Amino acid sequence: MHSIYFAGLAWVTLATNDTYALGALVLAHSLKQVQTAHELVVLITPGVSQAMRGQLNAVFGTVEEVDVMDSKDAANLALLARPDLGITFTKLHCWRLTQFNKCIFLDADTLVLQNCDELFDREELSAAPDAGWPDCFNSGVFVFRPSNETFNELLKFALEHGSFDGGDQGLLNMFFKDWATKDINKHLPFIYNLCSTATYSYLPAFKL
Ligand SMILES: *[C@@H]1O[C@H](CO)[C@@H](O)[C@H](O)[C@H]1NC(C)=O
């Protein structure tokens, strides 16, 4: 007898330093605690120490370094032109995880309190409304499909339009503007903000 293997589905988070890496470790343990069937991926930047990388490797199936400054591609060129967009670009790299079919991004300061694997039934770009700006989605939790084309389009869009809040949330809301107007199926219930996930009070409250 074979068990069904849901290939290509992954939870993805991002750690830009050891503090966020600690959050990512707790997030990974919380996903294991609720017995998710899916893979765990963490994107890291050069700011994460070797010791911390060892710990991340023990818990995440994939630890992938995102080093835009070192790359010789469009992302690097874009960054040289607009260094202010650097951290925003880092998060966009989740679209490059093309070894997966569908992913859910979770900020590293998220804690999963109950199994929510059903989120993988949703399509790109699904997210919950932002508590402060309900016409916008909150970019701390979102469903997406990795694609190099989407990544390149996002990059181009960022360079042309910037972001109304200077961060990834504004940029993603502008790029995936259909979320607000067209497809209500892409609105995750608030429960995914209030019930299944909670933000640590002892980690910095500002967004990455
Ligand atoms: C996406 O681009 C990366 C390199 O940037 C490459 O390794 C990968 O194979 C590409 N994926 C697809 C599906 O073309």
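Eight helices and eight strands make up the secondary structure of this protein. Keep in mind that the model is predicted.

Some overall numbers. The protein has 208 residues, and 51% of them count as buried. Its accessible surface comes to about 10,400 Å². Carbon and sulfur atoms hold 56% of that surface. On contacts, take those in the protein with a separation of 6 or more: 71% of them are between residues 24 or more positions apart.

Now one element, helix H2, which runs over residues 50-59. Which residues of H2 are buried? They are Met 52, Arg 53, Leu 56 and Val 59. Viewed down the axis of H2, the buried residues fall within an arc of 125 degrees, so they line one face of the helix. Note that Arg 53 is listed with the buried residues of H2. What covers them? The cover includes helix H1, residues 18-33, along with strand S2, residues 39-44, and strand S3, residues 62-65. On the other side of H2, Gln 50, Ala 51 and Ala 58 are exposed.

Last, the cysteines. How many disulfides does the structure hold? Zero. As for burial, I have two cysteines to mention. Cys 116 has a relative accessibility of 3%, and the cut-off for buried is under 20%, so Cys 116 counts as buried. Cys 136 is at 17% relative accessibility, which is also under 20%, so Cys 136 counts as buried by that cut-off.

That covers the overall numbers, helix H2 and the cysteines.

Definitions and conventions:
Residues numbered from 1 in each chain as written. Predicted model: local features only at pLDDT ≥ 70, side-chain atom pairs only at ≥ 80, totals over all residues. Heavy atoms only, no water. Disulfide = S-S within 2.5 Å. Buried < 20%, exposed > 50% of the residue type's maximum accessible area, 1.4 Å probe, protein only. Helix = DSSP H or I, 4+ residues; strand = E, 2+ residues; numbered from the N terminus. Arc of directions from axis to C-beta. Contact = heavy atoms within 4.5 Å. Areas by Shrake-Rupley, 256 points an atom, 1.4 Å probe, with all protein chains shown as cover.
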